[in-house]
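Work through the exercises below with the sequence and the model at hand. Each task is followed by a solution in steps.

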Amino acid sequence: MSDLEYLTVADALQLVLNGVTPLPAERVPLFEALGRVLAEPVTANDSLPPFANSSMDGYALRAADVANATADSPVELQVVADIAAGTVSDLALTPGAAARIMTGAPVPEGADAVIPVEDTNEPWRDAERSLPDTILIYRTVKQGDYVRQIGEDIQAGQEVIVPGHLIRPQEIGVLAALGVSQVQVYRRPRVGVLATGDELIDVDAPLSAGKIRNSNSYAQAAQVMALGADLVGLGVARDTEDHVRAKLRVGLEAGVDLLVSSAGVSVGAYDVVKAVLEQEGNVGFWRVRMRPGKPLAFGSYHGVPFLGLPGNPVSAMVSFERFVRPIIRKMAGHKRLDRPQVTVTVQEQLSSDGRESYVRACVTRTLQGYQAVSTGSQGSHVMTSLVKANALMIIAEGVTSVSPGEQLQAMMIDWPETVF
Ligand code: AMP
Ligand code: MG
């Protein structure tokens with residue numbers, strides 16, 4: 001690829017994503033699977049529920065026995081057993097009989113329904129209350145009422161969760177219910193984050209002439225961590241090839257799966273990242289027709305995928321959103337790589353220079369649909385307009401003016417992707 005080729009965002013994204021593959025899977029204890037992506041199907045060894053059980057505290061009975069029961073003319077049944085949760089009874093219920101039963105306790109042989117205690121003359125129970133000899137039933141029930149049937153939720157042998165599915169708390173619950181204590185998930189990407197520039201000082205250093213605090217290292221570290229990836233902080237490289245090389249080597253030694261740098265990829269005299277990559281890897285340096293953004297480097301360093309972000313803090317963060325986040329999600333095994341988008345109605349006049357523009361915006365939901373306002377200056381150094389934003393409105397390539405009332409797509413940067 002030639003130097004500084006101009007690419008559309010879509011083309012650049014495709015090139016970048018084609019260059020990475022999901023990481024190998026690993027088996028982890030159930031708790032460590034939260035936020036990870038399933039790498040092999042989970043098949044149920046058991047049915048869920050594993051046996052027919054009561055959904056209420058009540059009396060197990062035969063529906064036919066209470067077919068004529070009303071509050072004024074209750075049916076009296078003999079109470080022949082008391083079935084607590086966690087116990088089994090070898091009882092076979094005969095006509096005219098009932099068994100007191102707790103929620104979750106197995107429904108005995110012969111019973112085909114449960115009547116809740118509220119519909120009997122024993123509407124509550126406590127520890128002191130002994131089992132009554134008979135019980136009055138005040139209403140009818142249908143066969144199957146208040147009985148949770150075996151396999152109603154999951155049948156043994158069924159594929160319950162498919163590969164590519166995100167493990168959320170509810171998946172953890174299902175896996176636990178099925179006795180799955182170890183899960184095969186994609187490995188968590190290890191991401192090395194490097195800032196470059198002689199002007200950078202650390203957050204706790206006093207400002208001095210010509211210096212600025214290194215905010216990118218922190219912002220990109222936070223973006224990596226927010227994805228549930230493992231951060232390998234590589235600090236700051238000065239604008240020399242040797243120093244950049246030394247920092248990248250630290251990343252290699254730490255076994256990173258991806259290297260992300262900021263700054264040093266434009267056409268300035270000190271843009272040394274490019275030189276290092278050309279010597280020790282392969283690299284495409286592009287100008288992506290994107291705003292904010294533009295310079296972007298993608299390639300590999302000693303075989304590890306490398307993405308060089310622009311230096312301006314907003315450009316770095318937005319380029320991370322657009323390119324690095326999907327890469328990390330692909331490595332982590334996700335199927336949906338992009339943020340959700342909604343159609344918004346623009347409230348003001350917007351302009352663009354024709355590059356695909358990501359306008360920092362606040363999107364609200366109203367009865368008329370999603371409305372969006374930009375959050376102030378769109379300069380690539382203006383971080384406060386990103387702080388006020390919950391979305392990036394996308395002005396398509398080639399469009400230079402958007403009028404109030406027009407509709408745009410907005411990338412919701414605070415919304416997680418759905419798993420479906
Ligand atoms: P560069 O791409 O090196 O020309 O940098 C572009 C702009 O981003 C310059 O104004 C830099 O000072 C700024 N910049 C570069 N790196 C950082 C960083 N780590 N934190 C904050 N600003 C940065
Ligand atoms: Mg620089």
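The exercises go from the whole chain to single residues.

The model is predicted, so local features need pLDDT of at least 70 and side-chain atom pairs count only at pLDDT 80 or more, while totals for chains, interfaces and linings use all residues. Residues are numbered from 1 along each chain as its sequence is written, chains are lettered from A and ligands numbered from 1 in the order in which they are written, and side-chain values use heavy atoms, with hydrogens and water left out.

**Exercise 1. Describe the overall form of the chain.**

Step 1. Take the secondary structure. The chain has seven helices and 28 strands; helices (H or I, at least four residues) and strands (E, at least two) are DSSP runs, numbered from the N terminus.

Step 2. Compare the radius of gyration with the globule rule. The radius is taken over C-alpha atoms, and the rule is 2.2 Å times the number of residues to the power 0.38. The chain has a radius of gyration of 31 Å, well over the 22 Å given by the rule for 420 residues, so it is more spread out than a compact globule.

Step 3. Add the dimensions. The C-alpha trace spans about 95 × 50 × 40 Å along its principal axes.

Step 4. Look at burial and contacts. Of the 420 residues, 48% count as buried; buried means under 20% relative accessible area, exposed over 50%, and partly exposed in between (1.4 Å probe, protein chains only). Contact means heavy atoms within 4.5 Å. Among contacts between residues at least 6 apart in sequence, 72% join residues at least 24 apart.

**Exercise 2. Find the largest nonpolar core and state which elements build it.**

Step 1. Apply the definition: a nonpolar core is a set of buried Ala, Val, Leu, Ile, Met, Phe, Trp, Tyr and Cys residues joined through side-chain atoms within 4.5 Å.

Step 2. Identify the centre. The largest core has 38 residues, and Leu 307, Phe 323, Ile 327 and Ile 328 have the most contacts inside it.

Step 3. Assign the elements. Those that each supply at least two residues of this core include helix H1 (9-18), strand S13 (190-196), strand S17 (258-262), strand S21 (304-309) and helix H6 (313-331). H6 gives the largest share, nine residues.

Step 4. Follow one residue. Leaving aside neighbours within four places in sequence, Ile 327 is in contact with Val 16, Leu 17, Val 20, Leu 258, Phe 298 and Leu 307.

Step 5. Separate the second core. This other core has 17 residues, among them Val 244, Leu 259, Val 273 and Val 304.

**Exercise 3. Locate the buried side of helix H3 and its partners.**

Step 1. List the buried residues. In H3 (residues 216-226) these are Asn 216, Ser 217, Ala 219, Gln 220, Ala 221, Gln 223 and Val 224.

Step 2. Find what they pack against: S13, strand S16 (230-237), S17, S21 and H6.

Step 3. Inspect the end. Gly 228 follows H3 and has a positive phi, near 75°.

**Exercise 4. Which peptide bonds, from Leu 48 to Pro 49 and from Arg 291 to Pro 292, are cis or trans?**

Step 1. The bond from Leu 48 to Pro 49 is cis, with omega near -10°. Pro 49 sits in the loop between strand S3 (42-43) and strand S4 (53-54).

Step 2. The bond from Arg 291 to Pro 292 is cis, with omega near -5°. Pro 292 sits in the loop between strand S19 (290-291) and S20.

**Exercise 5. Place two non-glycine residues with positive phi, Ala 263 and His 302****.**

Step 1. Ala 263 has a phi of about 70° and lies in the loop between S17 and helix H5 (272-280). Its relative accessibility is 16%, so Ala 263 counts as buried.

Step 2. His 302 has a phi near 45° and lies in the loop between S20 and S21. With a relative accessible area of 44%, His 302 is partly exposed.

**Exercise 6. What does Glu 76 touch, leaving out residues up to four places away in sequence?**

Step 1. Glu 76 lies in strand S6 (residues 75-83) and is partly exposed, at 49% relative accessible area.

Step 2. Glu 76 touches Thr 134, Ile 135 and Leu 136.

Step 3. Check the spacing. Glu 76 and Leu 136 are 60 residues apart along the chain, with their C-alpha atoms separated by 4.5 Å.
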